[in-house]
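This briefing is meant for a reader who is meeting the structure for the first time. Please keep the sequence and the model in view while reading, since the points below move from strand pairing to the main pocket.

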Amino acid sequence: MLVLDEVTSLTGYIAGTPLQSGALLEVKSPYDGRLVGTVTLGNRKDTEAAIAAGLKGGPLLTRYDRFAVLDKARQLLEERKEEFAQLIMSESGLCLRETRYEVGRARDVLHFAAIEALKDDGQVFSCDISPQGKARKIFTLREPLSLAVAITPFNHPLNQVAHKIAPAIATGTPVILKPSEKTPLTAIRLVELLYEAGLPHHMLSVLLGPTAEVAEVLVQDPRVELVSFTGSVAVGKHIAKQAGYKKVILELGGNDPLIILEDADMDLAVTLAAEGAYRNSGQRCTAVKRILVQESIHDEFVKRFVEKTKEYICGDPADAGTRVGTVIDEPAAVYLEDVVKKAVAQGAKVLYGGHRKGALLEPTVIVDVPRDAQMVVQESFGPLAPIMKVKDLEDAIALANGTAYGLSSGIVTKDMEKAVYAVKHLRMGTVNINEVPGYRIENSPFGGVKDSGLGIKEGVIEAMKCFTYVKTFSMPW
């Protein structure tokens, strides 16, 4: 097995040119605190240089050129999948089960983006279809934006980056990436891989540095035509205020319910609840954060769910038997521990787990959780499984819709009428039937409403639309 014992020294890049700076960011393992790597940081001057380089541009890439770069990157990622999995594990604390899965997802993103780069969704409109029309045809085509900015979070250090960069490359839009300071190593390695795959350097820069000198400058610059951000609600809303007159894509997290009705397949319900709540250490915007169980089957579900939870061993992320690694850092684990304590003070009961050691927090089963508890009103980004009784489907939907979020949801039932009712009445960007809230493929539309986002979708195909604008032209016909 590949083990990253040495410190990885990386740097930001301005259109392929490494930064020259004495300022370094140290990246440490959430599991044992060892120094994993360092990153050379940028400043305002570097940010301005990256913007200028992106706007200056370079040789235009044909559709086939863009396909070839993305497909070559996919091949390189496949060859180095274990290296990337180990790197994600080292800087994020996620277990290898999760990091290997993430590499596979990122590989799919590159694959689908390569395929879509070859497609043309242009339209033709005949103008002689009304008395006011003429013998002309109107044609549409997509043009790339001049420059876009991508700001990514820590919880999927590779896939979140791929989901923003790959669609931009597929459309020919230059992009500046600002990854999370908590997990920057994987992002920079992906940038280097894309350069190696033949991406012209002007198409991509990557920078980290003080917020006022990097992120805020990128967001506020009027020459940037799009900002794509994934992260917290507070930061997302701040970006929306600061961005000014430009496109903004915001994916701001979720508080996703899994509704389990009395006719559900119990084995399926237990498995979906556990996988939804505990995978990626619960650090997914689409993780199951509220398990809403019809009261007639509540006790049986709880009994079986506790037994299932025991399978999710929490420990050393490098151990093949570990199914839940750390959360991103110890303060995050302390916060989660605190919201559990607050729920218990309101009458909730911890049936299993809940113990913390540093950034490790055991998968935690909590029952009798009040509907106004902080852990279920706000987003709890960790391996917590709060179970709440509901009377019926209508009660479950009212509870599910009762927070500020509206990203994804799931319902487990054998009744098609109830499934359709849920699809129609849950105010979420996604409703999955007999599946976890987060299920999707990498090219399908994804995004939420309310505090989860503005209803603008991501996913490779939808993101490519955002990274372009539609030009129309007409001709006599």
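Strand β7, which spans residues 136–144, is joined to β24 by nine bridges, and the two strands run antiparallel. Within this pairing, R136 has P476 of β24 as its bridge partner. The model described here is a predicted one, and the points that follow place the pair in its sheet before turning to the largest pocket.

**The sheet around β7**

- The strands β6, β7 and β24 form, in that order, an open sheet of three strands whose pairing is antiparallel.
- At the edges of this sheet lie β6, covering 124–126, and β24, covering 468–476, and each of these edge strands pairs on one side only.
- Neighbouring strands of the sheet are turned against each other by 25° on average, when direction is ignored.

**The largest pocket**

- The largest pocket holds about 1000 Å³ of space.
- Its lining is made up of 40 residues, and those closest to the centre of the pocket are F154, F229, G231, S232 and V235.
- Two or more residues of the lining come from each of the elements α7 (215–220), β11 (226–230), α8 (233–243) and α11 (330–345).
- Helix α8 gives the most to this lining, contributing six residues.
- By residue class, the lining of the largest pocket divides into 19 nonpolar residues, 14 polar residues and seven charged residues.

Key:
Residues numbered from 1 in each chain as written. Predicted model: local features only at pLDDT ≥ 70, side-chain atom pairs only at ≥ 80, totals over all residues. Heavy atoms only, no water. Pairing = 2+ DSSP bridges. Helix = DSSP H or I, 4+ residues; strand = E, 2+ residues; numbered from the N terminus. Axes fitted to C-alpha atoms, helices over the stretch in contact; angles between N-to-C directions. 1 Å grid on protein atoms, 1.4 Å probe; cavity = no way out; pocket = protein on both sides within 12 Å on 5 of 7 lines; lining within 4 Å. Points joined across faces, edges and corners; volume = space filled by probe spheres on them. Nonpolar A, V, L, I, M, F, W, Y, C, P; charged D, E, K, R; others polar.
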